[in-house]
Amino acid sequence: MAVIALTGCSGAPGVTTSALALLLSWPLEPSRRMILAECDPDGGAVLHGLLQGALGDRYGLRNLSVAARKGEFGEAFWRQLIDLSSDDSKAESPRDRLLLPGITDPSQAASLSSVWKGLATTFRGIDADHGHDVLVDLGRRGAVGPSGVLAEQADLVLVVVRNTLRCLQAAQSRVYALSERVGDVGLIVIDEGPYPAGEVQRVLQVPVVATLPYAPKEARVLSDGADQPRHFTKSALMKASRTTAALLVQRVAARRTRLGLHHSLTRGVEVTHAR
């Protein structure tokens, strides 16, 4: 139903951790899936963070460059996904929350020039043909350069920022450039600093779509594979992530309705002129 790209700026604002929290809390109807794709050209973090290196580098983005050269991109994509929805208390995993791991070395990004456009097309196809949702983690600089096509083709582009002076200053030029490139940009604010959402919105000149709490202990479960505290799924971070996911679903639906209406009106004008 939606393709949503997340990016950030210098200062490690927490893009991947936020993306994982959204992946694990996204509202899913039966037969629907959520896919998180790590498309950060500086390298992914989940394989050696949340997953603690247990799977090595057998899965991931790098393998798709080989498949693209062989004309096997679509089939290979599904083989590279890792199931993050399993639960020890369940007999069988629903396989509805999936991860495409990123590259493990930034030097591998040079081999992905043929992959970015293929991924953008694949994500749109997954949305249109299967009704699944896709989160794209672009890291700090993936929304520009060759991988920027993923931001351009997304339904919604969100910049993750912390409401500290250092992060807001670093975000200004990034948000401006991204707005110029893709148009509609929103913010997810990690509430670490003193500035309220209204001030962040005023400084960066784009809307704050949602706010997530600054919760280092819970965040380390997602960023570093730390042991889950009791009632992790009911923590403030995960509750806020569920609320954020619902807001994003609504925002994408409203945007698609607006663009659909605009398209219909435009076609009406064209038909009128044609007559």
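Let's start with the side chains of strand β6. Leu-156, Leu-158, Val-160 and Arg-162 point one way. Val-157, Val-159 and Val-161 point the other way. All are buried, that is, under 20% relative accessible area with a 1.4 Å probe and protein chains only. In a regular strand the side chains alternate between the two faces of the sheet. β6 covers residues 156–162, and seven of its seven residues are buried.

A word on the source. This is a predicted model, where local features need pLDDT of at least 70 and side-chain atom pairs count only at pLDDT 80 or more, while totals for chains, interfaces and linings use all residues. Residues are numbered from 1 along each chain as its sequence is written, and side-chain values use heavy atoms, leaving out hydrogens and water.

Now the neighbours of β6. Strands here are DSSP runs of E, at least two residues, and helices are runs of H or I, at least four, numbered from the N terminus. Two strands pair if DSSP finds at least two bridges between them. Strand β1, residues 3–7, pairs with β6 in the parallel sense over four bridges. There, Ile-4 stands opposite Leu-156. Strand β7, residues 185–191, also runs parallel to β6, with six bridges. Arg-162 has Ile-190 of β7 as its bridge partner.

What links up with β6 and β7 in a β-α-β unit? Helix α6, residues 165–182, and the unit is right-handed. With the strands pointing away from the viewer, the path from the first strand over the helix to the second runs clockwise.

Step back to the sheet. It is open, has eight strands, and its pairing is mixed. The order is β3-β4-β2-β5-β1-β6-β7-β8. The edge strands are β3 (82–83) and β8 (208–213), each pairing on one side only. Elsewhere, β2 (34–38) and β4 (97–100) pair in the parallel sense over four bridges. Ile-35 stands opposite Leu-98 in β4.

Last, the cavities. A cavity is a set of points on a 1 Å grid over the protein atoms alone, where a 1.4 Å probe fits but cannot get out; lining residues have an atom within 4 Å of a point. How many of 30 Å³ or more does the whole structure hold? Two. The largest has a volume of about 50 Å³. Its lining includes Asp-57, Tyr-59 and Arg-62. The second largest holds about 30 Å³. Glu-38 and His-48 are among its lining residues. Gly-102, Ile-103 and Thr-104 appear in both linings.

Key:
Buried means under 20% relative accessible area, exposed over 50%, partly exposed in between (1.4 Å probe, protein chains only). On a 1 Å grid over the protein atoms alone, a cavity is a set of points where a 1.4 Å probe fits but cannot get out, and a pocket is an open set with protein on both sides within 12 Å along at least five of seven lines; lining residues have an atom within 4 Å of a point. Grid points are joined across faces, edges and corners, and a volume is the space filled by probe spheres set on the points.
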